[in-house]
Amino acid sequence: MARRPRRPPRPARPAPEPPPLRGGWVRDEDGWTVRSISGSAATKTYVCPGCHQDIPPGTPHVVAWETARESEADNERRHWHTGCWRRARRS
């Protein structure tokens with residue numbers, strides 16, 4: 001019985017795109033780095049510094065920290081209701 005001829009090797013697939021940030025966009029706003037957090041990525045309760053109310057799990061919000069303090073960002077990040085952040089940035 002004759003053997004089948006071998007298939008030529010397939011070309012390599014390009015590497016897949018990295019997944020998007022779970023929270024969405026990240027941008028700089030007047031010396032602050034701001035990241036949006038989607039409701040599905042919000043898994044803890046935080047206190048908003050703008051209104052001093054809880055941000056319950058599952059609530060979309062933003063996290064902000066001073067860009068100049070990138071090395072200390074973990075300690076200086078603050079979770080804000082999106083509306084409270086916008087209001088604070090306008091004033």
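In the predicted model, Asp30 counts as exposed because its relative accessibility is 72%, above the 50% cut-off. Asp30 takes a positive phi near 45° in the hairpin of β1 and β2, where two residues lie between the strands. The side chain of Asp30 forms a salt bridge with Arg89, with the closest N and O atoms 3.8 Å apart. Distant parts of the chain are linked by this pair: Asp30 belongs to the loop between β1 and β2, whereas Arg89 belongs to helix α2 (residues 82–90), and the two are 59 residues apart. Arg89 has a relative accessibility of 30% and therefore counts as partly exposed. The contact satisfies the salt-bridge criterion because the separation of 3.8 Å falls within the 4 Å limit.

The count of salt bridges comes to two. Besides the pair of Asp30 and Arg89, the side chains of Arg27 and Glu29 meet in a salt bridge, with an N to O distance of 2.8 Å. The partners in this contact fall into separate accessibility classes: Arg27 is partly exposed, with a relative accessible area of 42%, while Glu29 counts as buried at 18% relative accessibility. The assignment of Glu29 follows because buried residues are those under 20%. As a general principle, side chains of opposite charge can pair when their charged atoms come close.

The strand arrangement places these residues in context. Strand β1 (26–29) pairs with strand β2 (residues 32–37) in the antiparallel sense, over four bridges. Within this pairing, Glu29 has Trp32 of β2 as its bridge partner. Glu29 thus takes part both in a strand bridge with Trp32 and in the salt bridge with Arg27. Strand β2 also pairs with strand β5 (residues 61–66), again in the antiparallel sense, here over six bridges. In that pairing, the bridge partner of Thr33 is Trp65 in β5. Strand β2 is accordingly paired with β1 and with β5.

A further charged feature occurs in the N-terminal part of the chain. Arg4, Arg7, Arg10 and Arg13 form a positive surface patch. Among these residues, Arg7 lies in the segment before β1. Arg7 counts as exposed because its relative accessibility of 74% is over 50%. Its membership of the patch is consistent with the accessibility criterion, because patch residues must have over 30% relative accessible area and no salt bridge.

Conventions: Residues numbered from 1 in each chain as written. Predicted model: local features only at pLDDT ≥ 70, side-chain atom pairs only at ≥ 80, totals over all residues. Heavy atoms only, no water. Patch = residues over 30% accessible without salt bridge, like charges linked within 9 Å, V, L, I, M, F, W, Y side chains within 5 Å. Areas by Shrake-Rupley, 256 points an atom, 1.4 Å probe, with all protein chains shown as cover. Lys, Arg positive; Asp, Glu negative; His and termini not counted. Charge placed at Lys NZ, Arg CZ, Asp CG, Glu CD. Buried < 20%, exposed > 50% of the residue type's maximum accessible area, 1.4 Å probe, protein only. Pairing = 2+ DSSP bridges.
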